[in-house]
Amino acid sequence: MAANENNSFTEDKDDQKTLSLKRIITVSSDDDDNNEDKESNKRQRSLSLTKIKPSQLMNKQPVIRNTRQTSLSIIRTNSDEGDNEERKWNLKMITPSSSSSSNQTLSKQQKKKMTQTKLTTLFKQKPSSPLVRTVSSPSIVKTETVTVTDRTRTVSLDGIDIDEEELFSQWNDQLNTSASATTTTQATTKTVDSKSVWKQIFGKPVKPKPIVDDEELKEQWSQLDKEQPPGNHRFYNPPAGVKRTCPFYKKIPGTTFCVDAFNFGNIEGIQAYFLSHFHSDHYGGLNKKFSNMLYSNQITCNLCKSQLGVRPENMTILPMNVFTNIHGIDVALIDANHCPGSNMFLFRFPNGKLILHTGDFRAASDILKHPLLQPNQIDTIYLDTTYCDSHYRFPPQDEVIESAVELVSDVLKENSKTLVAVGAYLVGKERVFHAIAKALDCKIFVEARKFRVLNQLENDDLSKRLTKNPHETNIHVVGMGSVTQPMLQTHIDKYSLKYSKIIGIKPTGWTTPRSTGGSKHYSIETKSSNITVYGFPYSEHSSFNELKFFIEYLKPKRIIPTVNIGRANIRDKMNGYFKQWLSV
DNA sequence: GCGATCAGCT
DNA sequence: CACAGCTGATCGC
């Protein structure tokens, strides 16, 4: 297909024709859920959101609040200067056509098969979970999907073909060296020299592009500053009696969609409520009374039902990696590499314009290889800017996991009567304790609620290693907040007959990596005779350099950050980064 | 007695 | 800090 061969967002009717159209069949739920839900309801109180402290509102940065009018986003000039040709990519996406047919007479199995994509192993589809089976489709929703069946593509610049594998391995090398090149102090802030990377990749320097401030967005942010005090907008709640309104950055302009916005009741003009993943600061406000239509992936919908009691008729499960037409806009879910059941949303308008909402994500070369994500094609990116500051550097997840596995086996070799407590979120950080359990070939103890949650993540090997019996294994999963000296003491006291020592593993991106000379990526946070707490720089958000590469590769026209946006000075700083990245 | 929300804390 | 909560208190039904 020829639709994506140039930079602009042109309409191309042929595009639509060459892609195969498939229809998802609505399957009604037979509510086969068990009574475990009742038990989970007892835990509801834990799902409330944290509010900002009054003291925080009072004493922080009053000057900045009232004196700075700041902008946040940028528009890349994409106009018709001749210089544009310099940066023009030639992208080809080969999409073999397949026949479209009526599904009315197909068997259940065939229907299921049709909703699945044939991408590479990177984006393998899992079979539907039995927990929530409904694909609710009220009449207003069209459920035609456009299936992308091939991720083969070639990238060339000025007639030179680029080997994508080479390109991405260059990036990985750069990221690795920059992550480990930290000194013990925070003295050097080494960031990757993108210009040289791009020069290596393309064999010649790339001309910088002029960047223009986005006045419209500037205005939207300053409006928001007037409505809300500086601080964390994600947790902001207005004074009693004042209803909080949905901020602009949670709405997708030109649509009736919002993303991760459940704290605002019925939002005016919104028909479709998208949820990117099951973390409380994103689903906050969602409960069984929810009466609109939520759109998310299978895993997240499972969790919304079992943990929050959201009714299946209020949820539409969307398939991964294909476009589904919702209220006239195509939407594709792309794995976000954050927690299980996390996805990004790619919205495609009838005229071809693309908007990407990353939700929470960790940028990786695998994500950039996705056939739906290509350079110079995206208009606006709503970006997870959690670690958008140059001092946030951490190693690739695999390396950190390897370190954790090594540490645990070393400790167990030295003293087999050691209990290993691995910190995790309700959803998130699974790879750490899973890898340890796989290496030791042992089971994983988790509490009853977490047992249910982990069994909904469609990970068979993980599921079969879980146990609710703490005596069956010395790998225990605990909440991240429980990985402290006193709480680990309490924990080991319960099992003191069997264990003489306990180590805590705290895998969080806030742990700055420390150069220990080798490949060990951990630090000792606290230590006593029988208790040691280890911090591992294991992050499920992008590091600064990963964000940088992500943006430098995709080159959107406009960036709207979704985290750390409560303070104008921080927004200014991020805006400065965005300008640099887009001009490379 | 239950669920929802809030304050405080990590 | 910010992440993604957790615990305990209070309020409405």
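Here is a working chat about the helix packing, buried residues and backbone turns of a predicted model.

Reader: Quick orientation first: how many helices and strands does chain A have?

Author: Chain A comes to 18 helices and 25 strands. Keep in mind that this is a predicted model.

Reader: Sure. And how much of the chain is buried?

Author: Buried residues make up 54% of the 584 residues in chain A.

Reader: What share of the contacts comes from residues 24 or more positions apart?

Author: Counting contacts in chain A with a separation of 6 or more, 72% are between residues 24 or more positions apart.

Reader: OK, helix packing. At what angle do α12 and α13 pack?

Author: About 50 degrees, and their axes are 9 Å apart. α12 covers residues 397-414, and α13 covers residues 430-440.

Reader: Why give me both an angle and a distance?

Author: Because two packed helices are described by the angle between their axes and the distance between the axes.

Reader: Fair. So is that pair parallel or oblique?

Author: Oblique. An angle counts as roughly parallel under 35 degrees and as roughly perpendicular from 65 to 115, and about 50 degrees is the value for this pair, so α12 and α13 come out as oblique to each other. As for handedness, α12 passes α13 in a right-handed crossing.

Reader: Which residues make the contact?

Author: From α12 you have Gln397, Asp398, Ile401, Ala404, Val405, Val408, Ser409 and Leu412. α13 brings in Arg431, Val432, Ala435, Ile436, Ala439 and Leu440. By class, the contact of α12 with α13 divides into ten nonpolar, two polar and two charged residues.

Reader: Ser409 caught my eye. Is Ser409 buried or partly exposed?

Author: Ser409 is partly exposed, at a relative accessible area of 22%. The cut-off for buried is under 20%, so Ser409 with its 22% does not count as buried. Its C-alpha atom is separated by 8.4 Å from that of Ile436, which is 27 residues apart along the chain.

Reader: And on the α13 side, which residues are buried?

Author: Glu430, Val432, Phe433, His434, Ala435, Ile436 and Ala437. Just after α13, Asp441 takes a positive phi of about 45 degrees.

Reader: Any other helix pair worth a look? What about α17 and α18?

Author: The axes of α17 (residues 544-554) and α18 (residues 568-583) come within 8 Å and cross at roughly 50 degrees. That pair is oblique, and the crossing is right-handed. The contact involves Phe544, Leu547, Lys548, Ile551 and Glu552 of α17, with Tyr577, Trp581 and Leu582 on the α18 side. Split by class, the contact of α17 with α18 has six nonpolar, no polar and two charged residues.

Reader: Where does Lys555 sit?

Author: In the loop between α17 and β25 (558-561). Lys555 has a positive phi of about 50 degrees although it is not a glycine.

Reader: A lysine, huh. Is Lys555 buried or exposed?

Author: Buried: its relative accessibility is 1%.

Reader: Which phi does Asn376 have?

Author: Near 60 degrees, again a positive value in a residue other than glycine. Asn376 is in the loop between α11 (365-368) and β17 (380-383), and it is buried, with a relative accessible area of 8%.

Reader: Switching over to α10. How many of its residues are buried?

Author: Eleven of the eleven, so α10 (residues 298-308) is largely enclosed by the rest of the structure. The buried residues include Gln298, Asn302 and Lys305, as well as Ile299 and Leu303.

Reader: What caps the N-terminal end of α10?

Author: Asn297 does: one of its side-chain oxygens lies 3.1 Å from the backbone nitrogen of Ile299. Just after α10, Gly309 takes a positive phi of about 75 degrees.

Reader: Last one: what does Met480 touch?

Author: Leaving out residues up to four places away in sequence, Met480 touches Gly423, Ala424, Tyr425, Lys429, Lys506 and Pro507. The C-alpha atoms of Met480 and Pro507 are separated by 8.2 Å, with the two residues 27 apart along the chain. Met480 is found in the loop between β21 (475-479) and α16 (485-494), and it is buried, with a relative accessible area of 13%.

Technical notes
Residues numbered from 1 in each chain as written. Chains lettered and ligands numbered in written order. Predicted model: local features only at pLDDT ≥ 70, side-chain atom pairs only at ≥ 80, totals over all residues. Heavy atoms only, no water. Axes fitted to C-alpha atoms, helices over the stretch in contact; angles between N-to-C directions. Helix = DSSP H or I, 4+ residues; strand = E, 2+ residues; numbered from the N terminus. Parallel < 35°, antiparallel > 145°, perpendicular 65-115°, else oblique. Left-handed = near helix turned anticlockwise from the far one by under 90°. Contact = heavy atoms within 4.5 Å. Nonpolar A, V, L, I, M, F, W, Y, C, P; charged D, E, K, R; others polar. Buried < 20%, exposed > 50% of the residue type's maximum accessible area, 1.4 Å probe, protein only. Polar contact = N/O pair within 3.5 Å; in protein donor to acceptor, adjacent residues only side chain to side chain.
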